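Hello,

Here is the structure I promised to pass on to you. My notes on it follow just below.

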Amino acid sequence: MKKTVTVLLGAALCVAAASCAEGPQKRNDRMETKNSLTEQEKAAGILTAEVMWKMGRVGGSVLSPDGRTVLYTVTRYDMEQNKGTTDIWSVPAGGGKAVRVTDPGNNESSVQWSADGKKIYFLSDRTGSGQVWSAAPSGNNLAQVTDIEGGVEGFSVAPSGDRILYIKRVPVVKRSSSELYSDLGQSKAKIYDDLMERHWDYWDDGSYLHLFVADMAGRVTGGTDIMEGEPWDAPLAPYFDASEIAWNHAGTQLAYTCKKLTGTQYALSTDSDIYLYDVASGRTSNLTEGMPGYDKYPVFSPDDSMIAFTSMERPGNESDKDRLFVMSLADGSKRYLTEGFDYNAGNVRWADDSTLLFLSPIRATIQLCSVSLSGGPVRVITSGAHDLNAFSAAGGRVVAEMTTLGSPTELFDVNPSDGAMTRITNTNAEIYEHIRMGKVEERWVETTDGKRMLVWVVLPPDFDPSKKYPALLYCQGGPQSVVSQFWSYRWNLQLMAAQGYVVVAPNRRGLPSFGQEWLDQISGDYSGQNIRDYLSAIDDVSAEPWVDRDRLGCVGASYGGYSVFFLAGNHQKRFKAFIAHCGMFNFESMYGATEELWFPNNDLGGSYWSDSPVAKRSYANSPHKFVKNWDTPILIFSGQRDFRIPYTESLQAFTAARLMGVPSRLVSFEGEAHQVFKPQNSLVWNREFFSWLDRYVKNAETPAEQTGR
């Protein structure tokens with residue numbers, strides 16, 4: 001069965017609840033007790049993986065239409081049960097006491113307000129499958145809205161209140177041998193005639209996410225499939241982000257994102273379009289035909305006369321500039337509003353009839369910006385060392401979800417006039433009170449080609465400059481993913497610092513928020529300037545008297561894993577140990593086994609049989625070509641369901657390390673893909689990660705110690 005990753009209209013991921021015999025309140029009380037810090041953890045006062053998994057994870061915030069109340073989700077995990085539970089909470093937008101809206105023990109997400117603010121809608125698993133429910137904003141007057149066989153994977157109630165859109169997986173193409181040969185029911189083969197036989201972490205079984213529209217007259221048990229028979233997903237695979245779908249305010253039309261390509265065409269292109277479905281006529285039209293890159297995230301203007309959306313220009317570059325466009329529905333004319341702005345636009349919202357708000361990564365932070373329909377420069381509203389990762393706007397108010405390198409997501413009220421921010425939630429107060437975080441320093445390092453590169457340096461808690469600390473070079477993935485003020489539950493820089501390491505996190509070439517030229521430079525030059533940027537960063541910081549340059553480690557995932565594999569053969573003895581997670585090792589085998597071929601075509605210059613000079617250079621510098629130089633301990637993580645960078649890349653690297661006689665270890669996770677999500681797997685990952693670093697970096701012998709033996 002095809003796995004779905006349900007990201008629901010700005011809400012947090014809905015995690016399946018434990019099936020327990022105990023009642024929901026008792027189960028919730030048990031979880032809250034387990035999520036409290038122990039006396040030993042309070043006394044230690046540092047961040048550990050166990051403490052991190054006790055944090056409540058805030059997300060899915062949405063303002064009421066009058067701008068007075070914020071609903072949001074909080075997910076908490078039970079490590080013993082290896083599961084999480086998501087609840088809906090409410091807090092006054094101006095600050096005040098946060099209260100739980102939904103009863104504990106079930107999973108609720110994807111919360112949405114009715115247009116008049118008198119009712120809320122959300123997705124819940126309380127009947128055993130994902131269905132839409134409604135309630136008063138207080139949580140009272142609970143009622144089931146949908147009863148769709150097999151459940152739904154996302155929804156949106158039209159602002160008019162009379163219609164609902166829901167997302168459901170439907171079979172379209174016969175892929176299994178038992179379907180094709182009725183007399184061979186025990187056969188489990190899948191049969192393909194074209195590419196995209198697998199994607200991210202699942203095999204294509206011939207079923208796809210489709211959009212259904214239904215009238216809200218009584219309980220909804222079915223609707224009209226507006227994509228009937230179509231062999232593609234909406235929202236787009238592999239993230240299935242329902243924010244790619246929007247109703248107009250009248251409830252008469254909906255806009256959605258889809259890439260209506262199959263097979264080889266799908267694998268080679270990022271050309272998605274925005275489609276407009278008219279409820280009355282049942283007709284669908286392509287609004288962005290002729291725009292060749294990713295077109296996504298449509299949002300109707302308050303009067304329904306226009307649609308704002310983001311668009312990339314190049315059809316084979318998933319990290320092209322996200323441009324903000326507005327289209328007139330009357331005549332189809334389009335305006336490019338951020339043409340003079342050298343940064344991406346995302347999370348677009350209408351502030352009023354003439355102004356749009358959006359988020360943009362700027363100099364390794366994410367800020368709130370605005371632009372007028374009448375033209376003129378983009379206004380950057382907020383400033384400071386933070387990431388605003390999502391926001392909602394209503395009633396003249398803005399509430400944003402904010403992280404820093406020292407704190408996970410909390411909600412902040414943002415003044416759209418001057419950018420002033422006021423914190424309105426404190427979900428992890430106990431942890432903030434008892435756990436010391438390391439200081440984060442902004443450092444500008446000169447690169448080998450004379451440019452300035454921003455490097456975040458995270459110092460251990462209670463840092464003492466008179467001491468010497470081991471240091472880690474953090475290699476970012478993507479490769480085009482900004483090293484911003486992020487908080488991660490997988491690769492957490494504060495967690496590394498808390499174990500006594502100075503963490504060096506460079507915004508090397510190929511990362512957004514420093515202009516498109518800086519971002520584009522990495523394509524076709526994987527082994528070039530960005531690798532030199534890494535070394536410039538670690539060399540600069542390790543020159544400090546408080547860094548022990550004889551105890552350096554290098555860690556990274558995905559493209560960062562490639563960086564680790566490449567540096568393992570080209571580091572000139574800088575590092576004492578390496579850790580690579582799901583990295584690219586052999587470009588030739590990776591090209592033949594990955595799925596989204598536009599990625600290596602853009603970043604490597606084409607296939608390994610291409611005559612392109614860029615491709616020839618890329619494949620000549622594949623990490624596996626330098627294994628003969630490997631002489632440093634290396635730990636390798638992989639997920640057995642990783643098809644983006646196939647897990648066999650990690651297996652090849654481990655084989656090479658063992659044959660070279662290099663101290664090495666492979667940790668391969670069953671049921672995980674490109675990242676590690678399951679709670680207990682995460683603890684295993686962290687224990688292996690820090691055990692390796694402590695053994696080969698922190699406790700490594702220096703040359704002086706070796707001489708003195």
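To start with a small one: in which loop does P377 lie? P377 sits in the loop between β25 (365-372) and β26 (379-380); strands here are DSSP runs of E with at least two residues, and helices are runs of H or I with at least four, both numbered from the N terminus.

Some ground rules before the rest. This is a predicted model, where local features need pLDDT of at least 70 and side-chain atom pairs count only at pLDDT 80 or more, while totals for chains, interfaces and linings use all residues. Residues are numbered from 1 along each chain as its sequence is written, and side-chain values use heavy atoms, with hydrogens and water left out.

Back to P377: its relative accessible area is 75%, so P377 is exposed (exposed is over 50%, buried under 20%, partly exposed in between, with a 1.4 Å probe and protein chains only). Its C-alpha atom is separated by 27 Å from that of G290, 87 residues apart along the chain.

Now the interior. The largest nonpolar core (buried Ala, Val, Leu, Ile, Met, Phe, Trp, Tyr and Cys residues joined through side-chain atoms within 4.5 Å) has 134 residues, and L211, L254, Y256, W630 and F689 touch the most other members. Helix α15 (residues 679-698) gives the most to this core, with eight residues. Apart from it lies another core, of 17 residues, among them M306, A345, W350 and V378.

Helix α10 (residues 559-568) may also interest you: 10 of its 10 residues are buried, so this helix is largely enclosed by the rest of the structure.

What about empty space? The whole structure was searched, and eight cavities of 30 Å³ or more turned up. A cavity is a set of points on a 1 Å grid over the protein atoms alone where a 1.4 Å probe fits but cannot get out, and its lining residues have an atom within 4 Å of a point. Points are joined across faces, edges and corners, and the volume is the space filled by probe spheres set on them. The largest cavity has a volume of about 50 Å³, and its lining includes D342, Y343, P361, F514 and L519.

Finally, the cysteines. The structure holds zero disulfides (pairs of cysteine sulfur atoms within 2.5 Å). C554 is in no disulfide, and the nearest cysteine sulfur, that of C475, is 3.8 Å away. C554 has 0% relative accessibility, so it counts as buried.

Best wishes

Note on methods. On a 1 Å grid over the protein atoms alone, a cavity is a set of points where a 1.4 Å probe fits but cannot get out, and a pocket is an open set with protein on both sides within 12 Å along at least five of seven lines; lining residues have an atom within 4 Å of a point.
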